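The following note comments on the salt bridges and on one helix pair. Please read the numbered points alongside the sequence and the coordinates.

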Amino acid sequence: MDPFRVLLHSVSADLSSGELTELKFLCQGLVGKRKLERVQRGHELFEVLLEQKDLEAEHTGLLRDLLASLRRHDLLQRLDDFEAGSCSFPPDLHAAFSIICDNVGKDWKRLARHLGVSDAKIDGIEERYPRNLAERVRESLRVWKNSEREKATVAGLVEALRACRMNLVADLVEEEQLARRLQNGSDAMSPVQWDSDAHTSEAS
């Protein structure tokens with residue numbers, strides 16, 4: 001099965017009947033009344049949204065908004081994990097996002113503006129996540145990512161952080177990236193190292 005549909009089914013399985021009712025209410029402007037009346041499970045609602053192209057693996061903003069409205073941070077984390085494993089969201093960028101979300105506080109708007117996020121979008125993010133600072137930061141980064149597409153890089157984030165004088169956060173991002181490269185290099189060199197060790201043992 002398509003990985004995104006697997007994710008949607010797992011989310012559906014963890015929704016209560018009350019949460020499904022709330023989701024249907026939130027989708028009234030997107031889905032017709034008769035279709036909503038026929039929806040009995042979460043995955044049925046998601047299928048309707050998929051058919052209407054309101055929900056796609058490459059555009060998960062609506063799903064994120066719905067889960068945030070339910071305050072289901074566990075399911076939001078599941079969505080994050082899915083995106084981290086998708087080709088459209090590189091692991092290094094996902095890791096940088098997590099560090100920034102954990103360490104950038106009330107000055108997130110300054111970073112968002114430096115990344116080119118408009119004030120209108122910033123206001124929308126605040127309305128959507130009034131009590132969750134980390135989600136505001138994450139959503140602003142997602143807006144930047146969707147705008148820049150392939151041009152969105154960790155180097156660009158680090159440059160923006162330093163321009164905003166968030167040097168500690170920039171250092172954390174760079175340290176994580178260095179550790180990742182060293183780990184990847186170590187993994188790549190392991191077979192060679194083992195082979196070298198074997199030859200050394202034979203020679204002795």
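How many salt bridges does a search of the whole structure find? The search returns twelve. The structure is a predicted model, and the points below should be read accordingly.

1. The pair Arg 5 and Glu 47. These two residues form a salt bridge in which the closest N and O atoms are 2.4 Å apart. The pair links distant parts of the chain, 42 residues apart: Arg 5 belongs to helix H1 (residues 3–13), and Glu 47 to helix H4 (residues 42–51). Arg 5 has a relative accessible area of 32% and is partly exposed. Glu 47 also counts as partly exposed, at 25% relative accessibility.

2. The contact of H1 with H4. Two packed helices are described by the angle between their axes and the distance between the axes. For H1 and H4 the angle is about 145 degrees, and the axes lie 8 Å apart. On the H1 side, the contact involves Phe 4, Arg 5, Leu 8, His 9, Val 11 and Ser 12. Their counterparts in H4 are Gly 42, His 43, Phe 46, Glu 47 and Leu 50. Sorted by class, this contact comprises five nonpolar, four polar and two charged residues. Arg 5 and Glu 47, the salt-bridge partners of point 1, are both among the residues listed here.

3. The pair Glu 126 and Lys 109. A salt bridge joins the side chains of these residues, with an N to O distance of 3.0 Å. Glu 126 is located in helix H9 (residues 119–128) and Lys 109 in helix H8 (residues 108–114), so the salt bridge ties together parts that are 17 residues apart in sequence. Glu 126 is partly exposed, its relative accessible area being 25%. Lys 109, at 26% relative accessibility, counts as partly exposed too.

4. The pair Glu 176 and Arg 180. Here the salt bridge lies within a single helix: both residues are in H12 (residues 167–203), four residues apart, or about one turn of the helix. Their side chains meet at 3.1 Å, N to O. Glu 176 has a relative accessible area of 23% and is therefore partly exposed, given that buried means under 20%. Arg 180 is likewise partly exposed, with a relative accessible area of 27%.

5. A network. Which residues are joined into one network by salt bridges that share partners? They are Glu 19, Arg 72 and Asp 74.

Terms used: Residues are numbered from 1 along each chain as its sequence is written. This is a predicted model: local features need pLDDT of at least 70, side-chain atom pairs count only at pLDDT 80 or more; totals for chains, interfaces and linings use all residues. Side-chain values use heavy atoms; hydrogens and water are left out. A salt bridge is a side-chain nitrogen of Lys or Arg within 4 Å of a carboxyl oxygen of Asp or Glu. Helices (H or I, at least four residues) and strands (E, at least two) are DSSP runs, numbered from the N terminus. Buried means under 20% relative accessible area, exposed over 50%, partly exposed in between (1.4 Å probe, protein chains only). Axes are lines fitted to C-alpha atoms, for helices over the stretch in contact, and angles run from 0 to 180 degrees between N-to-C directions. Contact means heavy atoms within 4.5 Å. Ala, Val, Leu, Ile, Met, Phe, Trp, Tyr, Cys and Pro count as nonpolar, Asp, Glu, Lys and Arg as charged, and the others, Gly among them, as polar.
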